[in-house]
Structures are given as structure tokens and as C-alpha cells.
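User: Please take me through the geometry of this model. I want each term set against its cut-off.

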Amino acid sequence: MATVYYDLSELFLSAGSKFKYYGIARTVLEVGYELAQSKANVRFVIFSPAHDRFFEVTPRIGAASANGVFDVGLPIEAKPLRFRYSYPGRHALRDALHPLMRKVVQMFSLKRWRASVPSGAVREVDLNGQILVSLGRPKMMSDYLVAMDEAGVRPRFFPLLHDMIPLHEYAHPRQSMFARNFAHDNHIVVEHAEKLLTNSVFTKDEIERFSTAGRMCALPPVVPVPLAQELRKANEPISLDLPDVPYLLGVGVMTGRKNLECLVNAMLLLKQAGRPVPHLILAGAKRKRTCAYVDRPEYASIRDKIEFVLDPNQAELAFLYENALALVIPSFMEGWGLPLGEALWMGTPGIAADVPALREVGGDLAEYFDPDDPQSLAALVERLSSDKKFYSELKAKISQGHVGLRSWRHVAQDIVAATSS
């Protein structure tokens, strides 16, 4: 069996981040754990911007890790500064200063590395011609692909792409530079890929559509590897006081593409109709625009129903799911939609926007509404709250359907299979 080098750079470069429990970093962590437990010939690597090359590392697993599941096994103090290796388009002054700035940033990162990485903790590795699998963000992959091109190193590259959302109309207008960088990074990643993996069939279709439209370069073979619904429980401390009334849960719900507007307006419609309004817990990172939105005068009558739980750890997240009346995910677009799958895994009803990726996650176990119509969400919330027979039958259906949900082991197995076929 060929050796698979699994890229942990996402975890290394985001060490200490408050986002470590969510999204892409969580995906890298969970698949890494399963690969470490598998019989596949897997070795773990990180890219060091301090050296412009890859090193093999020995991750810490289970109780030995910082999070109880899996980590890179390097001290957080070794985390390098990040400086882009390439940019879309030309800019005379920036391009002239870039080599010098890159060396300055590299010097600071190298100082951190030498001060904190124990001797023998890592081993240099030559990835030329080797299978390299990465599930990280394209901006991190593009940096090390540029560095490897400069060094004449060409791995057999198998990246997994999570979405094309920044190229859509849902991107915030002030993020136009982000969208250009995103397109540039993805172009580099796709050009280097022997085979392209995607986190859902929907994302595969999106990438192929963008390529056909000329907004993406020609594609190698594209293989969907749907992510998991599994939420692995952790032994971290739980420091939460839950409301003593039924509550809806939103995980990472914000304004804009994540469509907090629909959820809050559905609650307001219930209030205006004289119907019971459930409590709402919004769990995730603190966002100023989210707080500002729910504090608007028009929502004063329901503001006391909304509570924020900032940066819950994995154990706290599971606790929130377990005790929720339902999870609500109103997004206009997702690449996969981890919270919906996690809620179903925990046996909690999921109320999701009727969009392709969320249909892929929730199947016939979730309930769906029109993300452009707060009234359709309000009606569904009221039914869940008031129709005990409907709610009981929904819970039973989710319990019976658990056997068909995907685990992170399934994802890891599919990734290894994709590299060998």
C-alpha cells in the first residue's frame, strides 16, 4: 500500500485560534484522528513557512492531545507568522517589496521555531512524487505549492475543496479582495491536483459549473467525499447554564449568507401573531454585526429570547445539541453544513433551509423551509413546539435513521480509496 502523507498544516497554522472547534480545522482534525487509527500507511506532515518545506510530525492522539482527540504535537509557540506567497494580478510596489517582506516574516517565524520546537520532534521529508492529501483552506495550500514549485518539488496532490461560496453574490461587498484571493488560491490548488476531492456532491457540481463558465481552470477528475454527520464527544469541561425552557439552537449563524435575518424575523412573526416564541441560543464566535443586528429596535420585543454562547468547546457543543428543541440552519448556501449533521447524530431535530447541500446532509431526517420566507420557518417552529405527536415521530425517525449517517471513519476510508484508484 502506497504511503499517504496527510497534511496537518491547517491545524499548525491555526493553533490557538478560537475557530479550532469548527469547520475546516475540525474536519482536518477528525479525519486525521481516524487515519491515525486506521491500517492505512499514513504519515503526518506540516508545512513550515519558516523553512519553506515540509516536516513529518508525530501527532498526539486521544487523551494525550490538547483537545482529547488529536493535535499536531508541536508547541503553540512554534506557530509561524503568515504572509501570502502570491497574489492575483500585478502591483508594482507590492511585487517589488514582496521578496524582502517574505524574508523578514520568515526570519521571525524561524526564531519562534528554534525557540520552541524540541530537537528530534520533527523530521524533514521529501514529498517529490509522494501522495499528499490536504483538507485545509486553499490559501494555505497555495502558499506551500508556490514554495514547492520554487524548490522543484512536485507531489501527487489530492486536495479537498469545501466550497465556492466567496465567488457567489452572498460574499460581503467589502470582501471583494478576499474573493479575488480565494479564486487565485483555488486556481493554484486545482492546477496542481492529480485528483480533486470535494466535501459534497453539491460542491463538485459547483466547481464543474465554474470551470465550464471559465471562472475556474480545467479540472482533473473530481471525486465527492461527503463529510460526516458524526459529532465525537469530548471530555472537556462544560461551563454552561442552559435556559429552563425549550430552546432553538443556531451554530455559527450570522447575517448575510448564513441568513440570521430569516431566523430572527420568524421569531418576530410568532411574537406578532401572539404565538409562543421559543428561546434562541446562538453558539459560535463573537461577531459585531450579528450582535448589532439582534439589537435593532424592531427586535426589542424578542431580544430577551436571544442568548449568545461564545466559542463553546466540543463537549459544550454536544451538550447544547442534546438539550435543544431543534437546530436551525437557515443558510442560503453551504458546502456541507456540519451543524445539521451533528444535530441529527445527537438525535436532535434539524430545521434546515431547503438548499442542495443541506438536503445532502439531512436527507429525509431533517425538516426544510424556504430561506427567503421567514413565515415558512415560523410555521415549522410553531409545529415543532406545539404538536407533540409530530415532534415525537420526528425524534423516532431520526433515531431509526442513525445507522445510515456517515462517521468520520467513513470519510477517512473514502479519502484513502480516492488516492489509490
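**Sheets, rings and a helix pair**

Analyst: Start with one bridge: Ile-281 has Glu-307 in E13 as its bridge partner. This is a predicted model, where local features need pLDDT of at least 70 and side-chain atom pairs pLDDT 80 or more, while totals for chains, interfaces and linings use all residues. Residues are numbered from 1 along each chain as its sequence is written, and side-chain values use heavy atoms, without hydrogens or water.

User: What makes strand E12 and E13 a pair?

Analyst: Two strands pair if DSSP finds at least two bridges between them. Strand E12 (residues 279-284) and E13 share five, and they run parallel. The names come from DSSP runs numbered from the N terminus: helices (H or I) need at least four residues, strands (E) at least two.

User: Which strands stand at the edges of that sheet, and why?

Analyst: The sheet is open, with six strands in parallel pairing, ordered E13-E12-E11-E14-E15-E16. Strand E13 (306-310) and strand E16 (367-369) each have a single partner strand, so one side of each lacks a neighbour in the sheet. The average twist from one strand to the next is 25 degrees. Helix H9 (residues 314-323) packs on this sheet, touching E12 and E13 among others, and makes about 140 degrees with the direction of strand E11 (247-251). Contact means heavy atoms within 4.5 Å.

User: What is the strand order in the eight-stranded sheet?

Analyst: The order is E6-E3-E2-E1-E7-E8-E9-E10, open, with mixed pairing. Strand E6 (122-124) and strand E10 (222-224) are the edges, each with a single partner strand. Within this sheet, strand E1 (residues 4-7) pairs with strand E2 (residues 42-48) in the parallel sense over four bridges. One of the bridge partners is Arg-43 in E2, opposite Tyr-5.

User: How many aromatic pairs are there, and why is the one between Phe-47 and Tyr-144 classed as it is?

Analyst: There are 11. Rings of Phe, Tyr and Trp (its six-membered ring) pair if their centres lie within 6.5 Å; planes under 30 degrees apart are stacked, over 60 edge-to-face, the rest tilted. Phe-47 and Tyr-144 are 5.7 Å apart centre to centre with 55 degrees between the planes, hence tilted. Phe-47 is in strand E2 and Tyr-144 in helix H4 (residues 138-151), 97 residues apart.

User: Why is the pair of Tyr-144 and Phe-157 given its own class?

Analyst: Its centres are 6.3 Å apart and its planes at 80 degrees, so the pair is edge-to-face. Phe-157 is in strand E8, 13 residues from Tyr-144.

User: Why are Tyr-144 and Phe-157 called buried?

Analyst: Buried means under 20% relative accessible area, exposed over 50%, partly exposed in between (1.4 Å probe, protein chains only). Tyr-144 has 1% and Phe-157 has 0%, and both are therefore buried. Ring pairs join them in a cluster with Phe-47, Phe-54 and Tyr-85.

User: What makes H12 and H13 perpendicular or parallel?

Analyst: Axes are lines fitted to C-alpha atoms, for helices over the stretch in contact, and angles run from 0 to 180 degrees between N-to-C directions. Under 35 degrees is roughly parallel, over 145 roughly antiparallel, 65 to 115 roughly perpendicular, the rest oblique. The axes of helix H12 (residues 374-386) and helix H13 (residues 388-401) cross at roughly 90 degrees and come within 5 Å. H12 and H13 are therefore roughly perpendicular.
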